[in-house]
Structure formats: structure tokens, C-alpha cells
Amino acid sequence: MEAAREVPVTVASFMTPRPALLRLRRLSYEIVKFGVVGGSGVLVNLVVFNLLLQGLGSGAMAATVVASCVAMGTNYLGFRYFAYRDRAARTRRQILLFFVFSGLGVLMESLLFYAGYRGAGMTGPLASNVAKGLSILLASAFRFLVYRTWVFQHRHHARHG
């Protein structure tokens with residue numbers, strides 16, 4: 001029988017990341033970039049919401065929908081040119097998917113806001129912002145999953161359209 005060949009153990013072998021660790025790092029980096037764009041979108045969303053609701057006296061539902069749509073536009077630019085620039089093909093399909101899923105996110109966010117604002121009576125200035133923030137947070141989990149899965153796919157997974 002042949003003796004088992006020993007593989008030399010070096011410092012480099014301990015420093016080489018394993019495939020699972022590399023995937024975790026990439027996912028963590030993706031989440032951070034999504035958070036940067038999403039955080040700026042939340043800021044835009046809340047500023048427009050408060051300007052419309054508190055400053056201009058718009059209705060709460062109109063303010064939340066308009067603010068979410070304005071944030072959707074700024075988020076597209078952030079995702080396209082920053083968070084997912086390595087995946088952004090700018091095809092009609094990608095743009096269509098982004099706005100369809102973002103529209104679903106706006107609908108989800110609006111329904112959640114309505115549940116807090118009307119259903120739970122979160123109607124004061126602070127309470128309405130809490131309802132808005134929670135609705136954004138919950139809808140953002142949906143957005144993260146669909147953007148990374150269907151909208152901004154890795155190029156080798158994307159269908160060209």
C-alpha cells in the first residue's frame with residue numbers, strides 16, 4: 001500500500017477563505033450596499049412624506065404613496081449605479097421588473113401604513129412616522145429578496161431581453 005501523501009500546512013492555507021465564507025462575505029457586502037441605498041431611500045421617503053403630510057396638509061395615504069414613488073425613483077438610480085452595478089444590464093426586462101416589484105413594494109408599504117395609521121390609530125406626527133418607518137422596513141425585506149433574485153441577477157443567470 002502506498003503511504004498517504006501529506007499536504008503541507010502553511011499559513012496561506014489557513015488564510016484562504018472557504019467557499020461558504022466567501023459567499024457569506026459577498027452576501028454581507030451586498031446587504032451593506034442595499035442598506036446604503038435603502039437608507040437613503042428611507043430618508044427621501046420620510047422627508048417627502050412629512051413635507052406632504054405635515055407641511056402641505058396632504059392626506060396621509062396620498063402622502064405615503066407619493067413619497068414611496070419618489071423614493072422608488074431615487075432607489076433605482078442607487079441600485080443601478082451603486083449597489084448592483086456589477087449586475088445592472090439596463091435591459092427593458094430589468095427596468096420593467098424593477099418597477100413592477102417596486103410597485104408591489106409600494107402597495108405593500110401603503111397597506112401596512114394604512115393598517116398602522118387607520119387600524120392602530122397611529123395618526124399623530126410621531127406615530128405616523130413610526131407607522132411609516134415600520135411599513136418601509138417590512139416592505140424592504142420583500143424588495144431585497146426580489147431585487148437580488150429577479151431584478152439584478154448575476155449576468156450568467158440573467159435572461160437577455
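Ring pairs join F34, Y76, F79, F98, F99, F144 and Y147 into a cluster in this predicted model, and the count of aromatic pairs comes to 13. A pair of aromatic rings is described by the distance of the centres and the angle of the planes. For F49 and F113 the ring centres lie 5.4 Å apart and the planes stand at 80°, so this pair is edge-to-face, the angle being over 60 degrees. It links distant parts of the chain, since F49 belongs to helix α2 and F113 to helix α4, 64 residues apart, and both F49 and F113 are buried. The rings of Y76 and F99 have their centres 5.6 Å apart with the planes at 35°, so that pair is tilted. Because Y76 lies in helix α3 and F99 in helix α4, the pair ties together parts 23 residues apart in sequence. Y76 counts as buried at 10% relative accessibility, whereas F99 is partly exposed, with a relative accessible area of 36%.

Two members of the ring cluster, F144 and Y147, also appear among the buried residues of helix α5, which spans residues 125-151. The other buried residues of this helix are S128, A131, K132, S135, I136, A139, R143, V146 and V151. An α-helix has 3.6 residues a turn, so residues three or four places apart point the same way. The buried residues of α5 pack against three helices, namely α2 (19-55), α3 (60-83) and α4 (92-119).

The axes of α2 and α5 come within 10 Å and cross at roughly 145°, and the crossing is right-handed. On the α2 side the contact is made by L27, E30, I31, F34, V42, N45, L46, F49, N50, L53 and Q54, and on the α5 side by P125, S128, N129, K132, I136, S140, R143, F144, Y147 and R148. By class, this contact has 11 nonpolar, six polar and four charged residues. F49, already met in the edge-to-face pair with F113, is thus one of the α2 residues that take part in the contact with α5.

K132 of α5 leads on to S68, a residue of helix α3, because the side chains of S68 and K132 make a polar contact at 3.1 Å, inside the 3.5 Å cut-off. S68 counts as buried, its relative accessibility being 3%, under the 20% limit. Leaving aside neighbours within four places in sequence, S68 is in contact with N45, V106, E109 and K132. The C-alpha atoms of S68 and G103 are separated by 9.1 Å, although these residues are 35 apart along the chain.

Terms used: Residues numbered from 1 in each chain as written. Predicted model: local features only at pLDDT ≥ 70, side-chain atom pairs only at ≥ 80, totals over all residues. Heavy atoms only, no water. Buried < 20%, exposed > 50% of the residue type's maximum accessible area, 1.4 Å probe, protein only. Helix = DSSP H or I, 4+ residues; strand = E, 2+ residues; numbered from the N terminus. Contact = heavy atoms within 4.5 Å. Axes fitted to C-alpha atoms, helices over the stretch in contact; angles between N-to-C directions. Left-handed = near helix turned anticlockwise from the far one by under 90°. Nonpolar A, V, L, I, M, F, W, Y, C, P; charged D, E, K, R; others polar. Polar contact = N/O pair within 3.5 Å; in protein donor to acceptor, adjacent residues only side chain to side chain. Phe/Tyr/Trp six-rings, centres within 6.5 Å; stacked < 30°, edge-to-face > 60°.
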